[in-house]
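Visitor: I am new to this structure. Please show me how to read it.

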Amino acid sequence: MDLFEYQGKEVLRKFDVPVPEGRVATTPEEAAEAARGLGGKVVIKAQVQVGGRGKAGGIQLADSPEQAREMADKILGMDIKGHTVKRVLVERAGDIKEEYYCSFLLDRSERKFLGMMSAKGGIDIEEVAETDPDAIARVHIDPLYGMSDFHARRMVFGSGIAEAARKDAIALLPKLFKAFVELDASLVEVNPLILTCEGRVVALDAKVSLDESAAYRHPFFDELKSAHEIPEQERFAKERGLNFIKLDGDVGIIGNGAGLVMSTLDVVKAAGGEPANFLDVGGGAGAELLSSALEVITSNPEVKSVLINIFGGITRCDLVAEGIIDALNRLDVKVPIVVRLDGTNAEQGRKMLADAPHPKLVTAETMLGAAEKAVELSQATGSAVAQTKGGAA
Ligand code: GDP
Ligand code: MN
């Protein structure tokens with residue numbers, strides 16, 4: 001779960017990490033009011049769960065409450081990389097002397113935490129990593145021993161940040177690390193960490209990703225999450241107990257077992273198509289579940305065909321076939337559905353599908369054959385649409 005910047009700063013503040021004073025606003029009036037309360041110069045920052053807001057025009061300075069209102073009016077409703085701005089953070093604006101980078105994350109391959117720091121902050125760290133990798137100090141931290149002062153010193157001295165910032169940075173890093181560990185975060189990134197003209201070190205931005213598997217021991221995760229917008233389709237899927245992730249393509253995918261669904265995505269790609277989603281129906285495959293799955297998938301207008309790929313193990317293919325037939329009778333499905341059944345009682349399942357012909361139903365014997373068929377059908381529908389549009393013009 002990626003937190004909004006204002007949420008990230010709220011949680012970091014609890015760990016005594018210095019962050020600018022600020023308030024959240026959802027209307028230009030609230031922004032003006034917040035600016036009045038803070039006094040002086042403020043910065044208005046778009047709150048979206050994606051970086052690069054500065055470049056997109058989502059961060060503006062304002063000298064007065066009136067100007068804050070104007071800026072907020074511009075930023076609210078703005079689209080930043082597909083995310084609509086619903087809130088802005090109004091913060092007291094300080095004068096920046098230098099911008100640095102620091103983060104803590106999980107390095108799975110080393111089985112350790114990784115602390116990174118660079119004097120080159122405020123810009124994409126990926127870019128720094130590519131063009132000037134030595135500008136980033138990397139320090140591994142053993143999760144069992146935790147962080148010691150020497151780790152912080154190595155990050156600070158290794159990064160080459162200004163002398164004026166070192167002492168504060170050495171004090172700040174362990175607090176950031178403590179937040180990272182105690183929050184069960186997978187990432188805490190501060191870019192930029194700034195040295196102000198008054199010589200203070202402050203976290204000007206905060207990107208915090210929390211591990212939702214730890215939600216059971218952090219009741220406040222739910223509260224943080226309630227501010228997040230869950231796409232309609234994902235909410236619907238979750239309510240029905242489906243393991244669903246939206247992707248950007250047009251071939252809807254239903255499978256049983258995460259591994260099978262993952263390989264189905266690969267095969268669709270190999271066949272020249274683009275999967276529209278990941279959907280694992282798990283062990284069950286009754287009509288109820290398959291109806292829900294089909295309903296979730298076809299609610300995405302991008303979907304041009306659906307591929308159902310079931311391997312019957314404990315789940316019997318005849319029951320799956322029954323579920324599919326039942327689901328198709330309940331729903332008004334408008335896109336072609338390719339079904340591939342294999343495993344326990346596959347023959348029987350296939351026969352049932354053949355005996356209950358449905359105009360949208362196509363069966364296939366192999367996984368690759370099914371994927372190719374689904375891709376072909378998705379492209380056929382696509383071109384039909386394009387032709388109609390072309391003809392009308
Ligand atoms: P991001 O682009 O989404 O990562 O947003 P950031 O919060 O990192 O801000 C991008 C840039 O805007 C920073 O690197 C700063 O240069 C600038 N900026 C952000 N907040 C302030 C502020 O309070 N005062 C000033 N002067 N500049 C700011
Ligand atoms: Mn940033």
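**Around the ligand**

Guide: Start with the neighbours. A residue is near a molecule if one of its heavy atoms lies within 4 Å of it. Here 17 residues surround ligand 1, and K45, R53, G54, E99 and N191 come nearest. This is a predicted model, where local features need pLDDT of at least 70, side-chain atom pairs count only at pLDDT 80 or more, and totals for chains, interfaces and linings use all residues. Residues are numbered from 1 along each chain as written, chains are lettered from A and ligands numbered from 1 in written order, and side-chain values use heavy atoms, without hydrogens and water.

Visitor: Which residues put polar atoms by an oxygen atom of ligand 1?

Guide: A polar contact to a ligand is a pair of N or O atoms within 3.5 Å. A polar side-chain atom of K45 lies 2.6 Å from a ligand 1 oxygen. For a side-chain N or O atom of D205, the distance to a ligand oxygen is 3.0 Å. G52 uses a backbone N or O atom, 3.4 Å from an oxygen of ligand 1.

Visitor: How much of the accessible area of ligand 1 does the protein cover?

Guide: Accessible area comes from the Shrake-Rupley method with a 1.4 Å probe. Alone, ligand 1 has 570 Å², and the protein covers 80% of that.

Visitor: Why does ligand 1 lie between two domains?

Guide: Domain bounds come from an automatic or database assignment. Domain 1 (21-92) and domain 2 (96-225) both give residues to the shell, so ligand 1 lies between them. The chain also has domain 3 (232-392). The C-alpha centres of domain 1 and domain 3 are 43 Å apart.

Note on methods: Polar contact = N/O pair within 3.5 Å; in protein donor to acceptor, adjacent residues only side chain to side chain.
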